[in-house]
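Biologist: Before I rely on any of the labels attached to this model, I would like to hear the reasoning behind each one. Could you take me through them in turn?

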Amino acid sequence: METLQKDFEPVDIAAVCQCSGNSRGFSEPRVAGGQWGHGAMGNAIWTGVRLRDLLEKAGLEQDARRIRFDGLDRPVADTTPDFLKSLSLNDAFGDHVLVAYAMNGEPLPILNGFPLRLVVPGWYATYWVKMLHDLEVLNEEDHTFWMDPAYRIPDNACGCLQPGEKPRHTVPISTMPVRSFITNISNGASISGGPTLVKGIAFDQGYGIDQVLFSLDGGTHWEATTLGKDYGDFSFRLWEIRVFLRPGHQYQLQTLAINRIGESQQLHARWNPDGYLRNAVETVHITTEG
Amino acid sequence: MNLGQIAWAGEEIRSLKTFALPPDPMFFQPGPGQEVANTYCLICHSADYIYTQPLHSQEKWQSLVLKMKQAFGCPIPDDQISLLAAYLFGQNSVTLTSSERHP
(Lines give C-alpha, C1' and ligand atoms only; values in the text may rest on other atoms or scores of the structure.)
Protein backbone atom coordinates (compact mmCIF):
# COMPACT_ATOMS: atom_id res chain seq x y z
CA MET A 1 0.00 0.00 0.00
CA GLU A 2 2.80 2.36 0.92
CA THR A 3 4.54 1.66 -2.39
CA LEU A 4 1.37 2.30 -4.36
CA GLN A 5 0.89 5.60 -2.58
CA LYS A 6 4.49 6.79 -2.69
CA ASP A 7 5.86 5.49 -5.97
CA PHE A 8 2.93 6.13 -8.31
CA GLU A 9 1.07 9.28 -9.28
CA PRO A 10 -2.25 9.47 -7.39
CA VAL A 11 -5.29 10.07 -9.56
CA ASP A 12 -8.81 11.16 -8.52
CA ILE A 13 -11.90 10.47 -10.58
CA ALA A 14 -15.62 10.82 -9.89
CA ALA A 15 -17.34 7.82 -11.43
CA VAL A 16 -20.61 5.89 -11.36
CA CYS A 17 -20.51 2.22 -10.36
CA GLN A 18 -23.69 0.56 -11.67
CA CYS A 19 -24.76 -3.09 -11.67
CA SER A 20 -25.25 -4.65 -15.12
CA GLY A 21 -28.73 -5.71 -14.01
CA ASN A 22 -29.74 -2.42 -12.41
CA SER A 23 -33.53 -1.97 -12.93
CA ARG A 24 -33.90 -5.61 -14.10
CA GLY A 25 -37.15 -5.86 -12.14
CA PHE A 26 -38.76 -3.51 -14.68
CA SER A 27 -38.03 -5.79 -17.67
CA GLU A 28 -41.19 -6.46 -19.66
CA PRO A 29 -41.73 -9.34 -20.12
CA ARG A 30 -40.03 -10.09 -16.82
CA VAL A 31 -36.77 -12.06 -16.67
CA ALA A 32 -35.14 -14.32 -14.08
CA GLY A 33 -32.47 -12.91 -11.78
CA GLY A 34 -32.19 -10.41 -8.93
CA GLN A 35 -35.25 -8.17 -9.23
CA TRP A 36 -33.45 -4.86 -8.88
CA GLY A 37 -35.22 -1.52 -8.78
CA HIS A 38 -33.16 1.48 -9.84
CA GLY A 39 -30.91 1.55 -6.77
CA ALA A 40 -28.06 -0.78 -7.78
CA MET A 41 -25.65 2.06 -8.44
CA GLY A 42 -23.57 4.67 -6.71
CA ASN A 43 -21.25 7.57 -7.44
CA ALA A 44 -18.07 8.45 -5.59
CA ILE A 45 -14.67 10.03 -5.96
CA TRP A 46 -12.15 7.25 -6.32
CA THR A 47 -8.43 7.70 -5.67
CA GLY A 48 -5.76 5.34 -6.78
CA VAL A 49 -3.03 4.65 -9.31
CA ARG A 50 -3.46 4.12 -13.02
CA LEU A 51 -3.58 0.44 -13.91
CA ARG A 52 -1.37 1.21 -16.90
CA ASP A 53 1.30 2.72 -14.64
CA LEU A 54 1.42 -0.58 -12.75
CA LEU A 55 1.51 -2.61 -15.96
CA GLU A 56 4.26 -0.45 -17.44
CA LYS A 57 6.29 -0.81 -14.26
CA ALA A 58 5.82 -4.57 -14.32
CA GLY A 59 6.55 -4.80 -18.06
CA LEU A 60 4.55 -6.93 -20.48
CA GLU A 61 5.65 -9.47 -23.07
CA GLN A 62 4.89 -8.89 -26.73
CA ASP A 63 2.12 -11.47 -26.83
CA ALA A 64 0.10 -10.03 -23.91
CA ARG A 65 -3.59 -9.76 -24.85
CA ARG A 66 -5.67 -9.37 -21.71
CA ILE A 67 -5.30 -8.54 -18.02
CA ARG A 68 -7.30 -10.71 -15.62
CA PHE A 69 -8.24 -9.55 -12.14
CA ASP A 70 -8.77 -11.62 -9.00
CA GLY A 71 -9.89 -10.51 -5.55
CA LEU A 72 -9.28 -11.96 -2.11
CA ASP A 73 -12.84 -13.27 -1.95
CA ARG A 74 -13.28 -16.99 -2.48
CA PRO A 75 -16.30 -18.94 -3.71
CA VAL A 76 -18.66 -20.48 -1.19
CA ALA A 77 -17.96 -24.01 -2.47
CA ASP A 78 -14.95 -25.57 -4.23
CA THR A 79 -17.22 -26.29 -7.17
CA THR A 80 -18.31 -22.64 -7.52
CA PRO A 81 -16.36 -20.61 -10.10
CA ASP A 82 -14.01 -18.04 -8.57
CA PHE A 83 -14.91 -14.45 -9.45
CA LEU A 84 -12.41 -13.44 -12.12
CA LYS A 85 -12.84 -10.64 -14.71
CA SER A 86 -10.61 -9.45 -17.49
CA LEU A 87 -10.09 -6.51 -19.82
CA SER A 88 -8.42 -6.36 -23.22
CA LEU A 89 -4.99 -4.76 -23.17
CA ASN A 90 -6.41 -1.71 -24.91
CA ASP A 91 -9.13 -1.25 -22.28
CA ALA A 92 -6.78 -2.00 -19.39
CA PHE A 93 -4.44 0.78 -20.62
CA GLY A 94 -7.32 3.29 -20.71
CA ASP A 95 -6.60 6.72 -19.25
CA HIS A 96 -9.11 6.36 -16.43
CA VAL A 97 -8.77 2.77 -15.21
CA LEU A 98 -7.52 2.81 -11.62
CA VAL A 99 -6.42 0.48 -8.91
CA ALA A 100 -8.14 2.49 -6.18
CA TYR A 101 -7.29 2.62 -2.50
CA ALA A 102 -9.64 5.41 -1.43
CA MET A 103 -13.27 6.36 -1.83
CA ASN A 104 -14.31 9.94 -1.11
CA GLY A 105 -10.91 10.62 0.44
CA GLU A 106 -10.94 7.73 2.90
CA PRO A 107 -9.71 4.13 2.77
CA LEU A 108 -12.18 1.93 0.91
CA PRO A 109 -14.88 0.61 3.26
CA ILE A 110 -14.81 -3.19 3.49
CA LEU A 111 -18.09 -3.50 1.56
CA ASN A 112 -16.63 -1.37 -1.24
CA GLY A 113 -13.59 -3.58 -1.65
CA PHE A 114 -10.97 -2.71 0.99
CA PRO A 115 -8.04 -2.50 0.61
CA LEU A 116 -7.89 -2.14 -3.22
CA ARG A 117 -10.43 -2.34 -6.01
CA LEU A 118 -10.41 -1.92 -9.73
CA VAL A 119 -12.24 1.19 -10.96
CA VAL A 120 -13.30 1.08 -14.61
CA PRO A 121 -15.14 4.38 -15.22
CA GLY A 122 -17.95 4.10 -17.74
CA TRP A 123 -18.08 0.30 -17.49
CA TYR A 124 -20.54 -1.77 -15.52
CA ALA A 125 -19.65 -2.70 -11.94
CA THR A 126 -18.96 -6.35 -12.73
CA TYR A 127 -15.45 -5.23 -13.79
CA TRP A 128 -14.81 -3.22 -10.63
CA VAL A 129 -13.18 -6.18 -8.85
CA LYS A 130 -13.09 -5.73 -5.09
CA MET A 131 -10.28 -6.72 -2.71
CA LEU A 132 -8.05 -6.84 -5.76
CA HIS A 133 -4.88 -8.82 -5.15
CA ASP A 134 -3.83 -10.43 -8.40
CA LEU A 135 -3.23 -9.13 -11.93
CA GLU A 136 -2.67 -11.90 -14.43
CA VAL A 137 -1.42 -11.24 -17.96
CA LEU A 138 -3.08 -13.52 -20.52
CA ASN A 139 -1.84 -14.22 -24.04
CA GLU A 140 -5.22 -15.60 -25.10
CA GLU A 141 -8.94 -14.90 -24.86
CA ASP A 142 -10.58 -15.39 -21.47
CA HIS A 143 -13.35 -17.97 -21.28
CA THR A 144 -13.56 -18.29 -17.49
CA PHE A 145 -17.11 -18.37 -16.11
CA TRP A 146 -17.73 -14.70 -15.24
CA MET A 147 -16.63 -13.60 -18.72
CA ASP A 148 -18.21 -16.49 -20.62
CA PRO A 149 -21.07 -17.40 -20.28
CA ALA A 150 -21.90 -14.93 -17.47
CA TYR A 151 -22.39 -11.18 -17.95
CA ARG A 152 -22.88 -11.26 -21.72
CA ILE A 153 -25.22 -9.38 -24.04
CA PRO A 154 -26.53 -10.16 -27.52
CA ASP A 155 -23.91 -9.29 -30.16
CA ASN A 156 -25.83 -6.60 -32.02
CA ALA A 157 -26.05 -2.80 -32.02
CA CYS A 158 -28.70 -2.56 -29.29
CA GLY A 159 -27.66 -5.55 -27.17
CA CYS A 160 -31.29 -6.57 -27.41
CA LEU A 161 -33.65 -9.21 -28.78
CA GLN A 162 -37.33 -9.75 -29.37
CA PRO A 163 -38.87 -10.82 -26.03
CA GLY A 164 -38.43 -14.55 -25.51
CA GLU A 165 -35.78 -14.86 -28.23
CA LYS A 166 -32.48 -16.53 -27.37
CA PRO A 167 -29.21 -14.91 -28.48
CA ARG A 168 -27.14 -16.69 -31.14
CA HIS A 169 -23.96 -14.75 -30.47
CA THR A 170 -23.03 -12.83 -27.37
CA VAL A 171 -20.23 -10.51 -26.24
CA PRO A 172 -19.15 -9.47 -22.72
CA ILE A 173 -21.13 -6.53 -21.36
CA SER A 174 -19.00 -3.37 -21.18
CA THR A 175 -20.05 0.31 -21.16
CA MET A 176 -23.19 1.91 -19.73
CA PRO A 177 -25.72 3.70 -21.94
CA VAL A 178 -26.96 7.14 -20.87
CA ARG A 179 -29.58 7.30 -18.08
CA SER A 180 -31.36 9.85 -15.92
CA PHE A 181 -33.58 9.76 -12.85
CA ILE A 182 -35.79 11.99 -10.75
CA THR A 183 -34.49 11.67 -7.20
CA ASN A 184 -36.68 13.90 -5.00
CA ILE A 185 -40.18 12.63 -5.93
CA SER A 186 -41.16 8.96 -5.74
CA ASN A 187 -43.36 7.10 -8.18
CA GLY A 188 -46.93 7.03 -6.84
CA ALA A 189 -46.39 10.02 -4.55
CA SER A 190 -49.14 12.45 -3.63
CA ILE A 191 -47.63 15.90 -3.19
CA SER A 192 -48.89 19.41 -2.66
CA GLY A 193 -49.06 21.39 -5.88
CA GLY A 194 -47.83 24.89 -6.62
CA PRO A 195 -44.25 25.86 -7.40
CA THR A 196 -42.19 22.66 -7.23
CA LEU A 197 -38.49 21.98 -7.56
CA VAL A 198 -37.79 18.68 -9.32
CA LYS A 199 -34.24 17.33 -8.99
CA GLY A 200 -32.31 14.36 -10.22
CA ILE A 201 -29.21 12.82 -11.72
CA ALA A 202 -27.94 11.78 -15.14
CA PHE A 203 -24.86 9.87 -16.30
CA ASP A 204 -23.41 7.98 -19.22
CA GLN A 205 -20.32 5.99 -20.14
CA GLY A 206 -18.04 9.01 -20.00
CA TYR A 207 -18.85 11.31 -22.89
CA GLY A 208 -20.55 13.54 -20.34
CA ILE A 209 -24.10 14.84 -20.12
CA ASP A 210 -25.06 17.52 -22.61
CA GLN A 211 -28.63 18.10 -21.52
CA VAL A 212 -31.50 16.61 -19.56
CA LEU A 213 -35.03 17.23 -20.82
CA PHE A 214 -38.05 17.10 -18.53
CA SER A 215 -41.71 16.33 -19.22
CA LEU A 216 -44.80 16.72 -17.03
CA ASP A 217 -47.10 14.92 -19.43
CA GLY A 218 -45.52 11.57 -20.18
CA GLY A 219 -43.30 12.81 -22.98
CA THR A 220 -45.64 14.96 -25.08
CA HIS A 221 -43.89 18.21 -24.18
CA TRP A 222 -40.27 18.55 -23.13
CA GLU A 223 -38.34 21.42 -21.55
CA ALA A 224 -34.70 21.93 -20.69
CA THR A 225 -33.43 21.52 -17.14
CA THR A 226 -30.52 23.28 -15.48
CA LEU A 227 -27.43 21.15 -15.01
CA GLY A 228 -25.55 21.27 -11.71
CA LYS A 229 -21.83 21.24 -10.95
CA ASP A 230 -19.70 19.21 -13.35
CA TYR A 231 -17.63 16.68 -11.38
CA GLY A 232 -16.28 15.09 -14.54
CA ASP A 233 -17.56 13.10 -17.50
CA PHE A 234 -17.97 9.81 -15.60
CA SER A 235 -19.88 11.23 -12.64
CA PHE A 236 -23.54 11.66 -11.79
CA ARG A 237 -24.54 15.07 -13.16
CA LEU A 238 -27.15 16.81 -11.04
CA TRP A 239 -30.02 18.60 -12.79
CA GLU A 240 -33.05 20.55 -11.58
CA ILE A 241 -36.10 22.35 -12.89
CA ARG A 242 -38.76 24.54 -11.30
CA VAL A 243 -42.27 23.76 -12.46
CA PHE A 244 -45.79 24.77 -11.45
CA LEU A 245 -48.10 21.88 -10.57
CA ARG A 246 -51.83 22.53 -10.47
CA PRO A 247 -53.73 21.09 -7.49
CA GLY A 248 -55.84 18.00 -7.99
CA HIS A 249 -54.01 16.76 -11.08
CA GLN A 250 -52.19 13.67 -12.17
CA TYR A 251 -48.80 14.05 -13.83
CA GLN A 252 -46.42 11.66 -15.53
CA LEU A 253 -42.94 13.02 -14.87
CA GLN A 254 -40.21 11.89 -17.25
CA THR A 255 -36.62 12.81 -17.97
CA LEU A 256 -34.57 12.26 -21.11
CA ALA A 257 -30.80 12.67 -20.95
CA ILE A 258 -28.61 13.30 -23.98
CA ASN A 259 -24.85 12.92 -23.86
CA ARG A 260 -22.19 14.99 -25.63
CA ILE A 261 -22.08 12.75 -28.69
CA GLY A 262 -25.85 13.02 -29.12
CA GLU A 263 -26.84 9.64 -27.70
CA SER A 264 -30.12 9.78 -25.81
CA GLN A 265 -32.10 7.43 -23.63
CA GLN A 266 -34.48 5.01 -25.27
CA LEU A 267 -38.17 5.91 -25.33
CA HIS A 268 -39.06 2.21 -25.20
CA ALA A 269 -37.02 -0.21 -23.12
CA ARG A 270 -34.89 -2.76 -24.92
CA TRP A 271 -35.28 -6.41 -23.88
CA ASN A 272 -32.66 -9.11 -23.39
CA PRO A 273 -32.77 -12.37 -21.42
CA ASP A 274 -30.71 -11.07 -18.48
CA GLY A 275 -32.33 -7.66 -18.12
CA TYR A 276 -29.06 -5.86 -18.82
CA LEU A 277 -28.39 -2.37 -20.26
CA ARG A 278 -31.71 -0.77 -19.28
CA ASN A 279 -31.71 2.94 -20.12
CA ALA A 280 -35.32 3.66 -21.01
CA VAL A 281 -37.03 6.91 -20.10
CA GLU A 282 -38.61 6.20 -16.70
CA THR A 283 -41.98 7.55 -15.60
CA VAL A 284 -42.84 8.91 -12.15
CA HIS A 285 -46.62 9.03 -11.72
CA ILE A 286 -47.74 11.61 -9.18
CA THR A 287 -50.95 13.18 -7.94
CA THR A 288 -51.22 16.70 -6.56
CA GLU A 289 -53.43 17.27 -3.54
CA GLY A 290 -56.38 19.64 -3.41
CA MET B 1 -5.21 -12.58 5.73
CA ASN B 2 -5.15 -10.74 9.03
CA LEU B 3 -6.81 -7.36 8.48
CA GLY B 4 -4.99 -5.99 11.50
CA GLN B 5 -1.71 -6.35 9.63
CA ILE B 6 -2.67 -4.37 6.56
CA ALA B 7 -0.87 -1.09 6.77
CA TRP B 8 -2.77 2.04 5.87
CA ALA B 9 -0.54 5.04 5.19
CA GLY B 10 2.10 3.42 7.34
CA GLU B 11 -0.20 2.87 10.30
CA GLU B 12 -1.80 -0.29 11.54
CA ILE B 13 -5.54 -0.45 11.77
CA ARG B 14 -6.35 -0.27 15.45
CA SER B 15 -10.10 -0.50 15.46
CA LEU B 16 -12.62 -2.31 13.34
CA LYS B 17 -16.19 -1.20 12.81
CA THR B 18 -18.96 -3.75 12.95
CA PHE B 19 -22.27 -3.64 11.17
CA ALA B 20 -25.41 -5.77 11.27
CA LEU B 21 -26.66 -7.30 8.06
CA PRO B 22 -30.38 -6.75 7.49
CA PRO B 23 -32.49 -9.84 8.29
CA ASP B 24 -33.79 -11.89 5.40
CA PRO B 25 -37.31 -10.65 4.76
CA MET B 26 -38.74 -14.06 3.84
CA PHE B 27 -38.44 -17.72 4.77
CA PHE B 28 -39.19 -20.83 2.75
CA GLN B 29 -42.76 -21.89 3.51
CA PRO B 30 -43.86 -25.38 4.64
CA GLY B 31 -44.33 -28.05 1.98
CA PRO B 32 -42.54 -31.05 0.46
CA GLY B 33 -39.08 -29.79 -0.48
CA GLN B 34 -38.85 -27.01 2.13
CA GLU B 35 -35.92 -28.75 3.85
CA VAL B 36 -34.07 -29.15 0.55
CA ALA B 37 -34.56 -25.46 -0.23
CA ASN B 38 -33.35 -24.46 3.23
CA THR B 39 -30.32 -26.72 2.92
CA TYR B 40 -29.12 -25.80 -0.57
CA CYS B 41 -30.66 -22.52 -1.83
CA LEU B 42 -29.70 -20.54 1.26
CA ILE B 43 -26.00 -21.39 0.83
CA CYS B 44 -25.78 -18.51 -1.66
CA HIS B 45 -28.95 -16.42 -1.60
CA SER B 46 -32.04 -15.51 0.39
CA ALA B 47 -35.48 -17.10 0.12
CA ASP B 48 -36.62 -13.65 -0.98
CA TYR B 49 -34.73 -14.24 -4.23
CA ILE B 50 -37.17 -17.08 -5.05
CA TYR B 51 -40.35 -15.29 -4.00
CA THR B 52 -39.55 -12.23 -6.13
CA GLN B 53 -38.95 -14.18 -9.36
CA PRO B 54 -41.37 -13.90 -12.27
CA LEU B 55 -43.64 -16.92 -12.82
CA HIS B 56 -41.70 -19.80 -14.38
CA SER B 57 -42.87 -23.21 -15.58
CA GLN B 58 -41.82 -26.29 -13.61
CA GLU B 59 -39.56 -27.16 -16.53
CA LYS B 60 -37.84 -23.77 -16.20
CA TRP B 61 -37.42 -24.30 -12.44
CA GLN B 62 -35.86 -27.70 -13.18
CA SER B 63 -33.39 -26.00 -15.53
CA LEU B 64 -32.67 -23.27 -12.96
CA VAL B 65 -31.89 -25.84 -10.26
CA LEU B 66 -29.66 -27.71 -12.72
CA LYS B 67 -27.90 -24.41 -13.52
CA MET B 68 -27.32 -23.84 -9.80
CA LYS B 69 -25.72 -27.31 -9.60
CA GLN B 70 -23.79 -27.38 -12.86
CA ALA B 71 -22.75 -23.75 -13.30
CA PHE B 72 -22.61 -22.48 -9.72
CA GLY B 73 -21.56 -25.69 -7.98
CA CYS B 74 -24.52 -26.19 -5.64
CA PRO B 75 -23.88 -29.55 -3.86
CA ILE B 76 -27.50 -30.73 -4.17
CA PRO B 77 -27.73 -34.53 -4.78
CA ASP B 78 -29.18 -35.52 -8.15
CA ASP B 79 -32.11 -37.36 -6.53
CA GLN B 80 -33.27 -34.14 -4.81
CA ILE B 81 -33.36 -31.95 -7.91
CA SER B 82 -36.87 -32.80 -9.13
CA LEU B 83 -38.31 -32.47 -5.62
CA LEU B 84 -36.74 -29.02 -5.25
CA ALA B 85 -37.90 -27.90 -8.72
CA ALA B 86 -41.48 -28.99 -7.90
CA TYR B 87 -41.33 -27.17 -4.55
CA LEU B 88 -39.98 -23.97 -6.12
CA PHE B 89 -42.59 -24.12 -8.87
CA GLY B 90 -45.27 -24.34 -6.19
CA GLN B 91 -43.78 -21.51 -4.13
CA ASN B 92 -43.33 -19.32 -7.21
CA SER B 93 -47.02 -18.41 -7.34
CA VAL B 94 -47.41 -17.97 -3.57
CA THR B 95 -48.10 -14.43 -2.43
CA LEU B 96 -46.90 -14.13 1.12
CA THR B 97 -48.72 -12.11 3.77
CA SER B 98 -46.71 -9.62 5.79
CA SER B 99 -46.61 -11.95 8.83
CA GLU B 100 -45.18 -14.75 6.68
CA ARG B 101 -42.58 -12.37 5.32
CA HIS B 102 -41.57 -11.29 8.81
CA PRO B 103 -42.23 -14.26 11.12
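**Strands, compactness and contact**

Modeller: In this predicted model, strand 18 (residues 250-259) of chain A runs antiparallel to strand 19 of chain A, and five bridges join the two. Within this pairing, Tyr251(A) has Ile286(A) of strand 19 as its bridge partner.

Biologist: What makes strand 12 and strand 19 of chain A a pair?

Modeller: Pairing requires at least two bridges found by DSSP, and two bridges join strand 12 (residues 190-191) of chain A to strand 19 (residues 283-288) of chain A, so the two strands count as paired, running parallel. In strand 19 of chain A, Thr288(A) is the residue that stands opposite Ile191(A).

Biologist: Which helices and strands does chain A hold in total, and why is chain A called as compact as a globular protein of its length?

Modeller: Chain A has three helices and 19 strands. Its radius of gyration is 21 Å, and the globule rule gives 19 Å for 290 residues; the two values are close, so chain A is described as being as compact as a globular protein of that length. Along the principal axes, the C-alpha atoms of chain A fill a box of roughly 70 × 45 × 35 Å.

Biologist: How do you know what share of chain A is buried?

Modeller: A residue is buried if 20 or more other C-beta atoms lie within 10 Å of its own, and 36% of the 290 residues of chain A count as buried.

Biologist: What does each chain bring to the contact between chain A and chain B?

Modeller: Chain A gives 15 residues and chain B gives 17 residues. On the side of chain A that touches chain B, eight residues are nonpolar, five polar and two charged.

Notes:
Residues numbered from 1 in each chain as written. Chains lettered and ligands numbered in written order. Predicted model: local features only at pLDDT ≥ 70, side-chain atom pairs only at ≥ 80, totals over all residues. Contact = placed C-beta atoms within 7 Å. Nonpolar A, V, L, I, M, F, W, Y, C, P; charged D, E, K, R; others polar. Helix = DSSP H or I, 4+ residues; strand = E, 2+ residues; numbered from the N terminus. Rg over C-alpha atoms; globule rule 2.2 N^0.38 Å. Buried ≥ 20, exposed ≤ 12 C-beta atoms within 10 Å, placed from the backbone.
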